[in-house]
Amino acid sequence: MKIRACPRCGSRKLALMELPTERESHPTSELIDNVIAVRYLCGDCSLIEEAVVFASEEEWLSFQENRKRYLRI
Ligand SMILES: [Zn+2]
């Protein structure tokens, strides 16, 4: 199962947000339809950003470990 997390704080409490697209100004463009802006609102730090996607719990845990190490420097 894939895991989505906040790129800033690593939180997994994310709320999906679909931002307004410019589809209406390009009604015939399928390309534009495929570029819907999807962002996540972080429940912990309120960052609105694309989520970082991890393939497994282990990858997310190592991301968290690296983040803590970086913050300590
Ligand atoms: Zn966050």
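# Exercises on a predicted chain

Of the 73 residues of the chain, 5% count as buried, where buried means 20 or more other C-beta atoms within 10 Å of the residue's own, exposed means 12 or fewer, and partly exposed lies in between, with C-beta atoms placed from the backbone. The model is predicted: local features need pLDDT of at least 70, side-chain atom pairs count only at pLDDT 80 or more, and totals for chains, interfaces and linings use all residues. Residues are numbered from 1 along each chain as its sequence is written.

**Exercise 1.** List the elements of the chain from the N terminus on.

Solution. Helices (H or I, at least four residues) and strands (E, at least two) are DSSP runs, numbered from the N terminus. The chain has 2 helices and 5 strands. Their order is β-β-α-β-β-β-α.

**Exercise 2.** Work out which strands stand at the edges of the open sheet.

Solution. Step one is the order: 3 strands form the open sheet as E2-E3-E4, with antiparallel pairing. Strand E2 (14-18) and strand E4 (48-49) each have a single partner strand, so they stand at the edges and one side of each is left without a neighbour in the sheet. Step two is the pairing, for which DSSP must find at least two bridges between two strands. E2 and E3 are joined by 5 bridges, and E3 (residues 38-42) pairs with E4 over 2 bridges. Step three is a residue of E3: Leu41 has Ala15 opposite, and its bridge partner in E4 is Ile48.

**Exercise 3.** Describe the surroundings of Gly43, in the loop between E3 and E4.

Solution. Start with the hairpin of E3 and E4: 5 residues lie between the strands, and Ser46 takes a positive phi near 65°. Next, count neighbours: Gly43 has 13 other C-beta atoms within 10 Å, so it is partly exposed. Then list contacts, meaning pairs whose C-beta atoms, placed from the backbone, lie within 7 Å. Leaving aside neighbours within four places in sequence, Gly43 contacts Ser11, Lys13, Leu14 and Ala15. Ser11 is 32 residues from Gly43 along the chain, yet their C-alpha atoms are separated by 7.5 Å.

**Exercise 4.** Check the length of helix H2 (residues 57-72) against its expected span.

Solution. The expected span is 1.5 Å times one less than the number of residues. For the 16 residues of H2 this should give 22 Å; the end C-alpha atoms are 23 Å apart, which agrees. As for burial, H2 is hardly covered, with 0 buried residues among its 16.

Technical notes
Contact = placed C-beta atoms within 7 Å.
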